[in-house]
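Let's take a walk through the side-chain contacts of this protein. Have the structure open and follow along.

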Amino acid sequence: MKTPEKSAKEKRYDVDAVKNRLNAYRDKEREIDIKIERLETLDSKMKSVGSPGMSDMPKAPGMSGDKMARDLERKEELQNAIDAAVREQKTEQKAIESILEKLPVPDEKEVICIRYLDCNSWSEVAKIMFGMKDDYERKQDTYLRRTFKVHGAALLHFAMIEEDGEVQQ
């Protein structure tokens, strides 16, 4: 026997899954940034001039070449990992943006973009969203709470779009 469809008000949407997805996107951005920093550090070490040895002791032949080969291999592996992560991240970003385009309230779209795609803190999100208000400095906490409310609505609408293809009114 077929069960009747739940109305939009009765249906529970998986807002936590949306939040986890957006947080995973944000965490991946940080991971990519760290890998890029590691690559730049490795590249800088490889380009720096090593201090000459002041010993007349004989050196094992090819030791510096082995280190250079290991560093080159590490650099290539790191670059490949970065390239793969960036490709995956771009695919996920496009998927997220396609859902954001369907959000009915512009502020909801912006709060998600500022927080997750631009990787800003909550205080930065509130300042970007409401910093132009004359009373912002005096009422920062109020605007931060408003930011959280907009964020909550955005997560719910995001989940609705993801699960139903549209926002139920």
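What follows looks at aromatic rings and then at charged side chains. Keep in mind that this is a predicted model.

Start with the rings: there are 3 aromatic pairs here. In one of them, the centres of Phe130 and Tyr143 are 5.3 Å apart and the planes meet at 25°, so the pair counts as stacked, the cut-off being under 30 degrees. This contact ties together distant parts of the chain, with Phe130 in helix H4 (residues 122-130) and Tyr143 in helix H5 (residues 140-164), 13 residues apart. Phe130 is buried, at 5% relative accessibility, and Tyr143 is buried as well, at 7%. Tyr143 also pairs with Tyr136, this time in a tilted arrangement, 5.7 Å centre to centre with 35° between the planes. Tyr136 is buried too, and Phe130, Tyr136 and Tyr143 make up one aromatic cluster.

Now for the charges. Over at Tyr116, the charged end of Arg115 sits above the ring, 6.0 Å from its centre.

Side chains of opposite charge can pair when their charged atoms come close. The model has 10 salt bridges. One of them joins Glu162 to Arg21, with the closest N and O atoms 2.3 Å apart. That bridge spans 141 residues, from Glu162 in helix H5 to Arg21 in helix H1 (residues 15-47). Both ends are partly exposed, Glu162 at 37% and Arg21 at 21%. Arg21 and Glu162 also belong to a salt-bridge network with Glu92.

Elsewhere in helix H1, Glu31 bridges to Lys28 at 3.6 Å and to Lys35 at 3.3 Å. Lys28 lies 3 residues from Glu31, about one helical turn, and Lys35 lies 4 residues from Glu31, again about one turn.

Conventions: Residues are numbered from 1 along each chain as its sequence is written. This is a predicted model: local features need pLDDT of at least 70, side-chain atom pairs count only at pLDDT 80 or more; totals for chains, interfaces and linings use all residues. Side-chain values use heavy atoms; hydrogens and water are left out. Rings of Phe, Tyr and Trp (its six-membered ring) pair if their centres lie within 6.5 Å; planes under 30 degrees apart count as stacked, over 60 as edge-to-face and the rest as tilted. Helices (H or I, at least four residues) and strands (E, at least two) are DSSP runs, numbered from the N terminus. Buried means under 20% relative accessible area, exposed over 50%, partly exposed in between (1.4 Å probe, protein chains only). A charge sits over a ring if NZ of Lys or CZ of Arg is within 6 Å of the ring centre and within 35 degrees of the ring normal. A salt bridge is a side-chain nitrogen of Lys or Arg within 4 Å of a carboxyl oxygen of Asp or Glu.
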